[in-house]
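Subject: Handover of a structural model

Dear colleague,

Please find below the structure that I am handing over to you. I should be grateful if you would read the notes that follow with the coordinates open.

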Amino acid sequence: LPLCSALSAHGAPEPGTLVQWETSSGGNGHWYQPVYVSEGIGWSNAAEYCVGRGGYLATPTSAAENQFIFDLLYDLKYWVYTTAWSGPLLGGFQPPGSPEPDGNWQWVSAEGWSYENWKSGEPNNSHSGENYMQFRGQSSRQATWNDCTGNPTLKGFAIEFGSHPLVITSITASATSEASIVWQCPGTNWVFTVESSTSLTD
């Protein structure tokens, strides 16, 4: 199936290739799509973008899934280096009023919270309002987590889909052997139609 992706304006989110974490490889069968944002994006806008595409900000709820998402976002373009490697956004957050620095962390998908992979010393809420999650490494890009603010400076994230985001919306057929299939990418105006017609003669 073709990938639902429009040409991006400068600085707008640029979706990459859809990849399935296949059950035959120990995965959950979900689909993941890396997204690059050259001008940077904040956590709330990234989360909203994911929902608009029919998915959610990727949630690494196990060591295996964490590694899968990290590998998907390992390219340098998704990372910013200053005094450490500041990486892509993840779907973890603290609701307002949560005990700091490590109380009541949740996944946007409402999955249970059991697995953690915080960078040493994290979460620490070192800047007030560090209620969101990202990958962060010290001397190299690493699959460890950091609590961060919602400032729009990070370059990437991944969308997680429970099923393939291209959804078939209708299938029609007639006695004259005319048929059509219509599918659409959720959260967009992209609609694809395939039509087929065969003439029947005696």
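The notes below cover the strand pairing, a helix, the cysteines and one loop glycine.

Please bear in mind that this is a predicted model.

Strand pairing

I begin with strand 3, which spans residues 31-41. This strand is mostly covered, with 10 of its 11 residues buried. Three other strands are described here by their pairing with strand 3. Strand 1, residues 14-15, runs antiparallel to strand 3 and is joined to it by two bridges; within this pair, Pro 15 stands opposite Val 35. Strand 2 is likewise antiparallel to strand 3, and the pairing rests on two bridges. Here Gln 20 is the residue opposite Trp 31. Strand 10 runs antiparallel to strand 3 as well, and seven bridges join the two. Trp 31 appears again in this pairing, where it stands opposite Phe 161 of strand 10. Trp 31 of strand 3 thus faces Gln 20 in one pairing and Phe 161 in another.

Helix 2

Helix 2 comprises residues 63-72, and its buried residues are Glu 65, Asn 66, Phe 68, Ile 69, Phe 70 and Leu 72. Which strands help to cover these buried residues? Strand 3 and strand 10 are among them, as is strand 2 (19-20). The cover also includes strand 6 (85-93), strand 8 (132-137) and strand 9 (145-148).

Cysteines

A disulfide requires two cysteine sulfur atoms within 2.5 Å, and by this rule the count is zero. Are Cys 50 and Cys 148 buried or exposed? The cut-off for a buried residue is under 20% relative accessible area. Cys 50 has a relative accessibility of 0% and therefore counts as buried. Cys 148 has a relative accessibility of 7%, so Cys 148 also counts as buried.

Gly 27

The last item is Gly 27, which lies in the loop between strand 2 and strand 3. Its relative accessibility is 18%, and Gly 27 therefore counts as buried. Leaving aside residues up to four places away in sequence, Gly 27 touches Trp 21 and Glu 22. Its C-alpha atom is separated by 7.9 Å from that of Ala 64, although the two residues are 37 residues apart along the chain. Ala 64 falls within the range of helix 2, residues 63-72.

Yours sincerely

Definitions and conventions: Residues numbered from 1 in each chain as written. Predicted model: local features only at pLDDT ≥ 70, side-chain atom pairs only at ≥ 80, totals over all residues. Heavy atoms only, no water. Buried < 20%, exposed > 50% of the residue type's maximum accessible area, 1.4 Å probe, protein only. Helix = DSSP H or I, 4+ residues; strand = E, 2+ residues; numbered from the N terminus. Contact = heavy atoms within 4.5 Å. Pairing = 2+ DSSP bridges.
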